Amino acid sequence: MPDPSPSETHQFVMRVLQLFSFDNTEQVWWRTDGEYAPVTFFAQCSDFFFWGTADCERIDHADLDLLEQAFADARAADPGDGEAWAGELFCARKRGIRPQGACYKHIPKALWPLFDACGPEREPSIDNPRKRPSEDGGS
């Protein structure tokens with residue numbers, strides 16, 4: 001794939017930054033040096049998929065539709081808090097994996113079906129120490 005034009009890069013930057021607005025700025029990281037120039041964005045997902053890990057998912061030009069859909073779906077499922085989880089939803093969809101079970105207690109229940117649809121249920125392991133809680137709050 002050829003490098004994007006300056007105009008395409010500008011449009012990409014603006015679309016990503018408009019999604020990660022003032023309230024969500026901690027969810028997006030970027031680099032502009034070396035191989036990451038002119039700009040490369042990453043959605044932050046530390047400790048979300050694997051216990052005790054620093055992690056992020058690269059946001060490429062080809063990912064914009066998936067990223068925008070994650071924001072739209074999260075907002076629709078939970079108009080109050082859904083957008084705060086859109087970055088993680090994007091990562092889960094791109095990776096095809098559910099969050100680790102311990103994270104579900106922090107995610108609004110209205111979003112659980114969106115995350116469940118990202119991949120099969122995960123069994124407990126060293127990096128996923130808990131199963132997903134049941135809908136009624138039990139484990």
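**Close-up 1. Arg95 and its salt-bridge partner Glu57.** With a relative accessibility of 27%, R95 counts as partly exposed. In this predicted model, the side chain of R95 meets that of E57 in a salt bridge, with 2.6 Å from N to O. The pair joins distant parts of the chain, since R95 belongs to helix α3 (residues 86-95) and E57 to strand β3 (residues 56-59), 38 residues apart. E57, for its part, is buried, its relative accessible area being 14%.

**Close-up 2. A network of salt bridges that includes R95 and E57.** The two residues of the preceding view belong to a network in which D55, E57, R58, D60, D63, K94 and R95 are linked by salt bridges. Side chains of opposite charge can pair when their charged atoms come close. For the structure as a whole, the count of salt bridges comes to 15.

**Close-up 3. R15 and D65, a salt bridge linking helix α1 and helix α2.** The side chains of R15 and D65 meet in a salt bridge, the distance from N to O being 3.6 Å. R15 lies in helix α1 (residues 6-19) and D65 in helix α2 (residues 64-77), so that this pair, 50 residues apart, links distant parts of the chain. R15 is partly exposed, with a relative accessible area of 31%, whereas D65, at 58% relative accessibility, counts as exposed.

**Close-up 4. R15 and E68, a salt bridge between helix α2 and helix α1.** R15 also forms a salt bridge with E68, and here the closest N and O atoms are 2.7 Å apart. E68 is in helix α2 and R15 in helix α1, and the two residues, which are 53 residues apart, again connect distant parts of the chain. At 27% relative accessibility, E68 counts as partly exposed.

**Close-up 5. The cysteines C45, C56 and C103, in a structure that holds zero disulfides.** A disulfide would require a pair of cysteine sulfur atoms within 2.5 Å. For C56, the closest cysteine sulfur is that of C45, and because the distance is 6.5 Å, the two sulfurs are too far for a bond. The closest cysteine sulfur to that of C103 is likewise in C45, at 10 Å, which is also too far for a bond. C56 is partly exposed, with a relative accessible area of 27%, while C103, at 11% relative accessibility, counts as buried.

Terms used: Residues numbered from 1 in each chain as written. Predicted model: local features only at pLDDT ≥ 70, side-chain atom pairs only at ≥ 80, totals over all residues. Heavy atoms only, no water. Salt bridge = Lys/Arg side-chain N within 4 Å of Asp/Glu carboxyl O. Helix = DSSP H or I, 4+ residues; strand = E, 2+ residues; numbered from the N terminus. Buried < 20%, exposed > 50% of the residue type's maximum accessible area, 1.4 Å probe, protein only.
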